[in-house]
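Reader: I work at the bench and rarely read models. Please show me how to read pockets and surface patches.

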Amino acid sequence: MMSTLARVPLRANGFLRRACFRMSSNFPPGDAPDTAPVSKRMKENILTIPNLLTTSRIFLTPVIGYNILYEHHSTALGLFVFAAATDVLDGVIARNFKGQQSLLGAALDPFADKVFVAGVTVPMAMSGLLPASLAGLIVARDAGLMVSSFYIRYISLKPFIQPGERLTLKRYFQLDFPTVQVKPLLISKVNTILQCGSFFLPLVRAAYPALIDPTLLQGVWIATAVTTLWSGLAYMRGDAVTYLRDTKDIKDIKDQEQ
């Protein structure tokens, strides 16, 4: 076929090119085929204020853990409040300011929460500020969700891998190439509030012993254990995950975010 075309005179070749151009221009608006690579069409802006706040919470976590371990309770309490404030602010900004929502942020925020929770839970348990049984449940639940998130990323990339193409680590960890949308569940939001209370109240009691009644702590810890188990099972069932099968899926979601 190529050798036949090569023998066509230049004038005929020019005619064929013009004909092909006219044919490609006859698609209705919005229906013309997108020839850009899938990874290019799926990219999104990840340099948003909510994503920066979420990232700052991740890096702040070991600092809080250090202060808990070395019994700098007032400092740990102040940093904990600041980190919790970033968790609230990133959501408020993403919902109320144009161009601040991203699919990466929807996945990064719960990931940062898990890093933060684990980074605070372990030092608090080691310091005797949190029951070891509750700490073990919280860490086990978040570890299970972390493993499942890696698996979900792997299977959600499959529709975008062309025949004969290999899935590389670069593509797997390409943060601006979203393949799922994660929506927080109501039970997860309740669990997050209770977990914050489980950390906040013992820190307050350690810094200012007269302010917190031990009975209140016991009630919060029991409620935290129940919702931790409940929300973990819900996430592992995939109740919060929507798979993006093609570029139309991501376009529809982005239109909803506007």
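Author: Start with the element names. Helices (H or I, at least four residues) and strands (E, at least two) are DSSP runs, numbered from the N terminus. This is a predicted model: local features need pLDDT of at least 70, side-chain atom pairs count only at pLDDT 80 or more, and totals for chains, interfaces and linings use all residues. Residues are numbered from 1 along each chain as its sequence is written, and side-chain values use heavy atoms, without hydrogens and water.

Reader: How is a pocket found?

Author: Rolling a probe the size of a water molecule over the atoms shows where empty space is left. On a 1 Å grid over the protein atoms alone, a pocket is an open set of points where a 1.4 Å probe fits, with protein on both sides within 12 Å along at least five of seven lines. Lining residues have an atom within 4 Å of a point. Points are joined across faces, edges and corners, and the volume is the space filled by probe spheres set on them.

Reader: What volume does the largest pocket have?

Author: About 1200 Å³. It has 44 lining residues; Gly91, Arg95, Asp109, Pro184 and Lys189 are the closest to its centre.

Reader: Which element gives the largest share of that lining?

Author: Helix H5, with 10 residues. H5 spans 73-96. Others that supply at least two residues include helix H6 (103-126) and strand E1 (180-182).

Reader: How do I read the chemistry of a lining?

Author: Sort by residue type. Ala, Val, Leu, Ile, Met, Phe, Trp, Tyr, Cys and Pro count as nonpolar, Asp, Glu, Lys and Arg as charged, and the others, Gly among them, as polar. The largest pocket's lining has 19 nonpolar, 13 polar and 12 charged residues.

Reader: And the second largest pocket?

Author: It holds about 920 Å³. Its lining has 30 residues, with Leu104, Ala107, Leu108, Phe111 and Ser149 nearest the centre. H4, H6, H7 and E1 each give two or more residues. The split is 22 nonpolar, six polar and two charged.

Reader: Valine 180 and valine 122: which is buried and which is partly exposed?

Author: Buried means under 20% relative accessible area, exposed over 50%, partly exposed in between (1.4 Å probe, protein chains only). Valine 180 lies in strand E1. Its relative accessible area is 15%, so valine 180 is buried. Its C-alpha atom is 9.1 Å from that of leucine 104, 76 residues apart along the chain. Valine 122 lies in helix H6. At 38%, valine 122 is partly exposed.
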